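Take a walk through this model with the coordinates open. The route goes from single residues to charged pairs and then to the nonpolar cores.

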Amino acid sequence: HPVKTWKTQVGVLGGDRAIDALFAAQPLLQKQGLSVSSMQQNPQTLKGVDAMVVLGAMPTEATAKSLVQSELEKGMTLLQFPMNAASTIGAINVLPNFRGTWKPIEQRIAITGLNHPVFQGAFAETLTDKVQLPVIRKVFQCDGLDDWETVIQLESGLPLLVTRRIENGSQ
C-alpha cells in the first residue's frame, strides 16, 4: 500500500523570496497564495488552511478580518512577519489586546532562545557559541505578554517571536 503523505496547508498573504525558498525545500508544506480581495469575495478562501503566514500588514477590511478571526478560533495558526511599524496596525485590529511599539535594537538571536520545542530536531547538530545567528536591528516590543509564550528571544532575553493560544488555534 502506498503511504499517503499528509501535507500542511499554509495560506500566504504577501510575497518574499525566502518564503518561496522555504516552501520549495519543504515538500510537506503546501503553499496557497492568498489575497485580501479573495478573502473579501469568498468566505471559503481559508477553508482547509492549517496555518496562515502574513508578510507585512494584516488585512483590515471587515470581511477579511472577520474571516481570519473566525479561522483562528477554529484552530488555524497565524504567523505575522511585520515589515515595518505600519504593518502592525492590522495585527492590532485582528488580534485582541495586541499592543506594543517598534524599538531600534542591535542584538543577535540568542542560541538559548532556540530551545523551544518547535526547534526540536531542526538542526543537524547542537548549536554552539561559534554559530553566528542573525542580528536584529528593529523589534516590535509587545506590551503585556503575561499569557504569551516566547518561541525565539534575543541575547538580552527580549522576546522576538511569541505565541498565544486563542480558542483552539494559536497566534
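Leaving aside its neighbours within four places in sequence, which residues is glutamine 9 in contact with? The model is a predicted one, and in it glutamine 9 touches Gln30, Gly48, Val49, Asp50 and Ala51. Glutamine 9 itself sits in strand S1, which spans residues 8-13. One of its partners deserves a look along the chain. Aspartate 50 is 41 residues away from glutamine 9 in sequence, yet the two C-alpha atoms are 5.3 Å apart in space. Glutamine 9 has a relative accessible area of 25%, so it counts as partly exposed.

Now turn to a loop. Lysine 130 lies between strand S5 (100-108) and strand S6 (135-142). Is lysine 130 buried or exposed? Its relative accessible area is 78%, so lysine 130 is exposed. Set it against isoleucine 111. The two are 19 residues apart in sequence, and their C-alpha atoms are 10.0 Å apart.

Next come the charged pairs. Side chains of opposite charge can pair when their charged atoms come close. How many salt bridges does the structure hold? There are three.

Start with aspartate 20 and lysine 31. Their closest N and O atoms are 2.6 Å apart, and the two form a salt bridge. This pair links distant parts of the chain, with aspartate 20 in helix H1 (residues 17-25) and lysine 31 in strand S2 (residues 29-34). Eleven residues separate them in sequence. Aspartate 20 is partly exposed, because its relative accessibility is 38%. Lysine 31 is partly exposed too, at 34%.

Move on to helix H3, which covers residues 62-74 and contains glutamate 71. Here lysine 74 forms a salt bridge with glutamate 71, and the closest N and O atoms are 3.3 Å apart. Both residues lie in H3, three residues apart, which is about one turn of the helix. Their surroundings are worth checking one at a time. Lysine 74 has a relative accessible area of 57%, so it is exposed. Glutamate 71 is at 12%. That value is under the 20% cut-off, so glutamate 71 counts as buried. What else does glutamate 71 touch, leaving aside its neighbours within four places in sequence? Its contacts are Leu46 and Met76.

The remaining pair to visit joins two strands. Glutamate 106 forms a salt bridge with arginine 137, with 3.6 Å between the closest N and O atoms. The pair links distant parts of the chain: glutamate 106 is in strand S5, arginine 137 is in strand S6, and these positions lie 31 residues apart in the count along the sequence. Glutamate 106 is exposed, because its relative accessible area is 58%. Arginine 137 is exposed as well, at 52%.

Last, look inside. In soluble globular proteins, nonpolar side chains tend to be buried together. The largest nonpolar core here has 14 residues. Which of them touch the most other members? They are Met39, Leu46, Met52 and Val68. Strand S3 (51-55) and H3 each supply at least two residues of this core. The largest share, four residues, comes from H3. Leu46 has appeared before, as a contact of glutamate 71. A second core is separate from this one and holds eleven residues, including Ile105, Phe119, Val139 and Leu154.

Terms used
Residues numbered from 1 in each chain as written. Predicted model: local features only at pLDDT ≥ 70, side-chain atom pairs only at ≥ 80, totals over all residues. Heavy atoms only, no water. Buried < 20%, exposed > 50% of the residue type's maximum accessible area, 1.4 Å probe, protein only. Contact = heavy atoms within 4.5 Å. Salt bridge = Lys/Arg side-chain N within 4 Å of Asp/Glu carboxyl O. Core = buried A, V, L, I, M, F, W, Y, C linked by side-chain atoms within 4.5 Å.
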